[in-house]
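Hi everyone, thanks for making time this morning. I'd like to walk you through a structure, so let me put it up on the screen.

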Amino acid sequence: MLLRLVPEFELRRDVVPWLAAQGWPAALDTSENSSALYIVNVERNGKIIYTWKGSQRNTHIGLYDLQSKQNEHLYTFEKDLHIISCSVNNERTLLAVSFRHYTEDETASQLLQSVSKYLTLLIEIHPINNVRVLKAVDSCVRVQFLYPVEDRNASTESRLLLVSEDKYIEQFDIRVVAEEHKVVIQKSGQLPRAKVADDLVWAQWDMMEQRLFYIVPKESKSTLRCVQFYPDENFNSILESHLDISLNDTQLKLVNFGYDYCQDQDVASKSLNLQVFTSKAGGLCVCCSLACDTPDEITYSIYFLHKGYNKTFTVSLERTESHQLKEVAFMNLDYYVAAYLPGQFLHLLNIQHPDLLCHSLFLTGEDARIDTLQNYPIRSPLVSTILDCEAGSLYAVSISDSTLLQLLQKSKQDSERLAALHCALLYFQHTEDLEMQIIRWISENLSTCHSFDPIQEFIVASLYCRMCPETQNLDKLLPYTSLLDWIGVVPGVICATDIISLPVLEFQNSKGFWEKLNSNLESVKYAEPQLHYHNNVLRREWRNLSEEREERRTTAYLRNIFENAKKVLSHLDTWDSEARLVPLFEEEDYQQQLLMGLLNLIHRIMKEVWRRYQLHSCVFCFDERGSAGEFAVFHIMSRILEAANGMCMPLPPGFHTLHLGLGVRCLPLHTLLHYIDIGVLQLTETCVRKLLKDLDDTEQNEKLKLSIVMRLPEALGQKVRQFWNHPINANLIARKYVKVLLENLGNRQCSRSIPERFSVPVEFLPLNYLTSMLTEIENQGVHPYEKQDHVNARFVEEMALKHTMTFLGLKYS
């Protein structure tokens, strides 16, 4: 299963044994008496409130602490009550409870009495003292204490939210005093209260960040608002956003205001299935499932408010019977939002980069199955947390790295492969072992991915995950993919994208989420397309730097680049503790040294590939042909080179040398020369020098050497030709010497003089004239090869004679 669920709390496991030990047996029978023991709330500090019925049909309220794994009894009602909502303050001195004022077995005459149907109480529980009635009404009320920051000392004031079924929310301020080892409410008449919101049709409580999201219907559209509650202040309305969602005048729907699953299931059938999720990086998403006229389809929308657009997905269902009874469940995984329909699909949507569908992972069939979740409704009260209300279980949910890798291995669709690749690199935040397994997969599947280059995607995503957490706002400029567009489709899914208006924020000196959300909105409003990363910008800089203009070399900018490059190169061997497995050669390649940020990633890829095919340093010897493993590595290096050229990125020093060495061992001569001519293989001094020195001069090797020498650039040729002691090479050197010497002569005038006699008598007049002129030019100081003393007019004459005698078939002595 892709989503791993670990039970953090289970009523049957964590509460029932404790109740039995305390002499309070409680039935956990969901078939006959589902209200006997159930969860009613999860507080911010990780404490779970539950209720159960005692042997005398008393109604008890208990508390379980996730940190200490301890249970605590809070309060007992001497009546059989149906608890609707319950909350305890941070100091555990006050308890707010909302319940039905009568039970189902009461007579009809009692119902006709002038008694309110619902009662909301405020109870002093440290120790148990007074009880105060907050509400006695005919509409249902939910209660929720506000929580200060976790490290704050005990407060003398508590604040309580009351959410009424009559579609309003108010806040009560409750002051307490300590009297004789007990905490009591100050007797000051009516408790101060303030109206927070009214006319709402939907509300959600964010317990971790102390935020209230609610929706107010406005004509054809709806308005989403958010109220932020502060530890030492009151509250402020901080966000307003218009949503194109049609809301009928239905029963109020509440999310995360406690859990009365009997009533919630009844409300769910009549109201909108909608949730708001936030992420640490400043993402704000509204997830809702929409009514669909087609029975074999389901539609749901994700409003990416921090990006300014909405994506609506229409999914074709394989079997419609499960959809008729259940709705899409949304889960908050921080980096991802999960849309889950049991028996149908699991859809992971990337919150930070939802632009392309290639960032979303859509699974069906067995891949989408989550065995642990058997009941409805499913809540997501905290980030990466799921609450199964009916089963009474709280789960920590995460993406399984092993399942993700299995999916990457077995998937036949590019959309799944790419999404799984990005999910693994982003979600698990640079896990080296996982990264190595992905590299291994890439090396085995280079030719199976048709819509994207897996090497490019790996490099871009890996760099993104390393750099963005350390540098604020860098993710708004760096790409998360090498793809500028995604032409692939997800089978069975239709996606429509609509531009929406950006939310309006009103806050001052607010840090954390609101500051990050505002930064995201500002980047959407003002960032021009040219500000975002594009390969063309890098290509232009690359060209400018590679020209090596002297005037640019003297600038501080260039000097800093070279100094940084030298530091990176000097630590190349210390990137891991192992001995260097891949024999990359350090060279003075300034073009590569200018941009060094990607060297480590390429080095890791090469190391894993080298290890996988069990190669060693002898691959850089030319006395035998390459093995099948060497040919596979050569192919992978060619793909790395192609990926690097496509993104205009640097390669480690020595990459081209090693690539050329493998090419010489593995390729036939005509293919090798073709690769050199089209630029796939680059001639480097290290490799060519070794090739000329190590290979003997058999007919086949002569042909190889001559073909290489003829293709050398001029500057490189001057350095390495001297290492091949062969008549053909000497003849080439002599010809080149004459050509350059005459070109350097220019407009110089020289007088004729009698040439000195050479050791070998020459009677061929044209050769005499040539050697005479070359000697005169040399005497005037025009020397093309200052550092090669053996190249002069005498050397040219000797090579000319040897070449002529060989051509005539005569023996030269």
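**Aromatic pairs, a helix contact and a sheet**

Let me begin with a single side chain: Tyr-675 is partly exposed, at a relative accessible area of 25%. Before I go on, please keep in mind that this is a predicted model.

Now, what does the ring of Tyr-675 pair with? Its partner is Phe-634: the two ring centres are 6.1 Å apart and the planes lie at 15°, and since planes under 30 degrees apart count as stacked, this pair is stacked. Phe-634 belongs to helix α14 (residues 628-647), while Tyr-675 sits in helix α16 (residues 669-677), so the pair ties together parts that are 41 residues apart in sequence. Unlike Tyr-675, which is partly exposed, Phe-634 is buried, with a relative accessible area of 3%.

How many aromatic pairs turn up in the whole structure? The search finds 19. One of them joins Phe-513 and Trp-514, and this one is edge-to-face, with 5.0 Å centre to centre and 70° between the planes. Both rings belong to buried residues: Phe-513 has 9% relative accessibility, and Trp-514 has 2%. There is also an aromatic cluster, formed by Trp-18, Trp-24, Tyr-50 and Trp-52.

On to the helices. Take α4 (residues 401-410) and α6 (residues 432-444): their axes come within 11 Å and cross at roughly 5°. Angles under 35 degrees count as roughly parallel, so that is how α4 runs to α6. Which residues make the contact? From α4 we have Asp-401, Leu-405, Leu-408 and Gln-409, and from α6 we have Leu-434, Gln-437, Ile-438, Trp-441 and Glu-444. By character, the residues of this contact split into 5 nonpolar, 2 polar and 2 charged.

Last stop, a sheet. Here we have 4 strands in an open sheet, in the order β1-β30-β29-β28, and the pairing is antiparallel. Why is one side of β1 (3-10) and of β28 (378-379) left without a neighbour in the sheet? These two strands stand at the edges, and each has a single partner strand, so one side of each has no neighbour there. For β28, 2 bridges join this strand to β29 (residues 385-388), and the two run antiparallel. If you want to find one of the bridges on screen, look for Ile-378, whose partner in β29 is Asp-388.

That's my tour, and I'm happy to take questions.

How values were computed
Residues are numbered from 1 along each chain as its sequence is written. This is a predicted model: local features need pLDDT of at least 70, side-chain atom pairs count only at pLDDT 80 or more; totals for chains, interfaces and linings use all residues. Side-chain values use heavy atoms; hydrogens and water are left out. Rings of Phe, Tyr and Trp (its six-membered ring) pair if their centres lie within 6.5 Å; planes under 30 degrees apart count as stacked, over 60 as edge-to-face and the rest as tilted. Buried means under 20% relative accessible area, exposed over 50%, partly exposed in between (1.4 Å probe, protein chains only). Axes are lines fitted to C-alpha atoms, for helices over the stretch in contact, and angles run from 0 to 180 degrees between N-to-C directions. Angles under 35 degrees count as roughly parallel, over 145 as roughly antiparallel, 65 to 115 as roughly perpendicular and the rest as oblique. Contact means heavy atoms within 4.5 Å. Ala, Val, Leu, Ile, Met, Phe, Trp, Tyr, Cys and Pro count as nonpolar, Asp, Glu, Lys and Arg as charged, and the others, Gly among them, as polar. Two strands pair if DSSP finds at least two bridges between them.
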